[in-house]
Amino acid sequence: FPLGSDLVRERFPDNIKSFLFYGPPGTGKTMVVNAIAHETNSIVLDISPNFIDGKYPGGKKKDDELVATVMLVAKEYQPSIIYIDEAEKVWPAKKKGKKGKKKKDPSAPSRIKKTLAKWKAKFLNDKTRVTIIGCTSEPDSGSKKDFKKFFDKALYFPFPDYSTRRMMWKTFIEERGGSL
């Protein structure tokens, strides 16, 4: 759909500021994030767990600084996308059957979930052109309750069916001079 079309406005009103893309690996979730960034001329700020792991020491103050800096940069250089791959690590599901208090790991990716929610509520509104997009290929490893609370819209990315795969392969082969 063209980005300005009425159908897009109907399905994605202006008040939607965060999306969760979920589905099996290799279905194009990250590619769509990159395509959105390209088509909207947005910068992408990646705060995925594998990207920030070990580079930023934990601690409430440090987590707040990290997320605040990302939000400020995103707001200053609008339009922008805050990208979180492997979102299930930031919003993990509670382990069943485990009782007793465990000491939280200060380097765990889930340490930024409360800070993200706080800064999202503080910074994202109808006037800002900042979108948060989380991707996961393991949605069952994440907390459905936390996903629903943080993300405004969830989009499923299925594997392509036979006819779509055939069309894709035909296009790829013909682009390289072959025929099918």
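The following exercises, each with a worked solution, concern a predicted model of a protein chain.

**Exercise 1. Overall composition**

Determine how many helices and strands the protein chain contains, in what order they occur, and what share of the residues is buried.

Solution.
Step 1. The secondary structure of the protein chain consists of eight helices and five strands.
Step 2. Read from the N terminus, these elements follow the order α-β-α-β-α-α-β-α-α-β-α-β-α.
Step 3. The protein chain has 180 residues, and 35% of them count as buried.
Step 4. The surface that the protein chain exposes comes to about 12400 Å², with carbon and sulfur atoms supplying 55% of it.
Step 5. Contacts between residues at least 6 apart in sequence may then be considered: 82% of these join residues at least 24 apart.

**Exercise 2. The surroundings of strand β1**

Establish why strand β1 is described as largely enclosed, and identify the strands with which β1 pairs.

Solution.
Step 1. Strand β1 covers residues 18-22. Because four of these five residues are buried, the strand is largely enclosed by the rest of the structure.
Step 2. One partner of β1 is strand β4, residues 130-136, and the two pair in the parallel sense over five bridges.
Step 3. Another partner is strand β5, residues 153-156, which runs parallel to β1 and is joined to it by four bridges.
Step 4. The residue F19 illustrates both pairings. In β4 its bridge partner is I133, while in β5 F19 stands opposite K153.

**Exercise 3. T136 in strand β4**

Decide whether T136 is buried or exposed, and describe which residues T136 touches.

Solution.
Step 1. T136 belongs to strand β4.
Step 2. The relative accessible area of T136 is 1%. Buried means under 20%, so T136 is buried.
Step 3. Residues up to four places away in sequence being left out, T136 touches L20, F21, Y22, G23, K29, A87 and E88.
Step 4. With E88, the side chain of T136 also makes a side-chain polar contact of 2.4 Å.

**Exercise 4. K120 and its salt bridge**

Locate K120, classify its accessibility, and work out which parts of the chain its salt bridge with D152 links.

Solution.
Step 1. K120 lies in helix α6, which spans residues 113-123.
Step 2. Its relative accessibility is 13%, so K120 counts as buried.
Step 3. Apart from neighbours within four places in sequence, K120 is in contact with S18, M71, I132, F150 and D152.
Step 4. For F150, a polar atom of the K120 side chain lies 2.3 Å from the backbone oxygen of F150.
Step 5. For D152, a salt bridge is formed with K120, in which the closest N and O atoms are 3.6 Å apart. This pair links distant parts of the chain, since D152 is in the loop between α7 and β5 and K120 is in helix α6, 32 residues apart.
Step 6. The accessibility of D152 is 38%, and D152 therefore counts as partly exposed.

**Exercise 5. Further salt bridges**

State how many salt bridges are counted, and characterise the pairs E86 with K89 and D140 with K144.

Solution.
Step 1. The count comes to five salt bridges.
Step 2. In one of them, the side chains of E86 and K89 meet at 3.1 Å, N to O. E86 is partly exposed at 23% relative accessible area, and K89 is likewise partly exposed, at 38%.
Step 3. In the other pair, the side chains of D140 and K144 meet at 3.3 Å, N to O. D140 has a relative accessible area of 64% and is exposed; K144, at 51%, also counts as exposed.

**Exercise 6. D146 and Y77**

Find which residues D146 touches, and which residues make a nonpolar surface patch with Y77.

Solution.
Step 1. D146 is part of helix α7, residues 144-150, and counts as buried at 17% relative accessibility.
Step 2. Residues up to four places away in sequence not being counted, D146 touches W91 and K113.
Step 3. K113 is 33 residues from D146 along the chain, and their C-alpha atoms are separated by 9.1 Å.
Step 4. Y77 is placed in the loop between α4 (60-76) and β3 (80-84). Its relative accessibility is 53%, so Y77 counts as exposed.
Step 5. Together with I43 and V73, Y77 makes a nonpolar surface patch of about 260 Å².

Methods:
Residues are numbered from 1 along each chain as its sequence is written. This is a predicted model: local features need pLDDT of at least 70, side-chain atom pairs count only at pLDDT 80 or more; totals for chains, interfaces and linings use all residues. Side-chain values use heavy atoms; hydrogens and water are left out. Buried means under 20% relative accessible area, exposed over 50%, partly exposed in between (1.4 Å probe, protein chains only). Two strands pair if DSSP finds at least two bridges between them. Contact means heavy atoms within 4.5 Å. Accessible areas come from the Shrake-Rupley method with a 1.4 Å probe; for residues, only the protein chains shown count as cover. A polar contact is a pair of N or O atoms within 3.5 Å; within protein, one must be able to donate a hydrogen and the other to accept it, and residues adjacent in sequence count only if both atoms are side-chain atoms. Patches are made of residues with over 30% relative accessible area and no salt bridge: like charges are joined within 9 Å, nonpolar side chains (Val, Leu, Ile, Met, Phe, Trp, Tyr) within 5 Å. A salt bridge is a side-chain nitrogen of Lys or Arg within 4 Å of a carboxyl oxygen of Asp or Glu.
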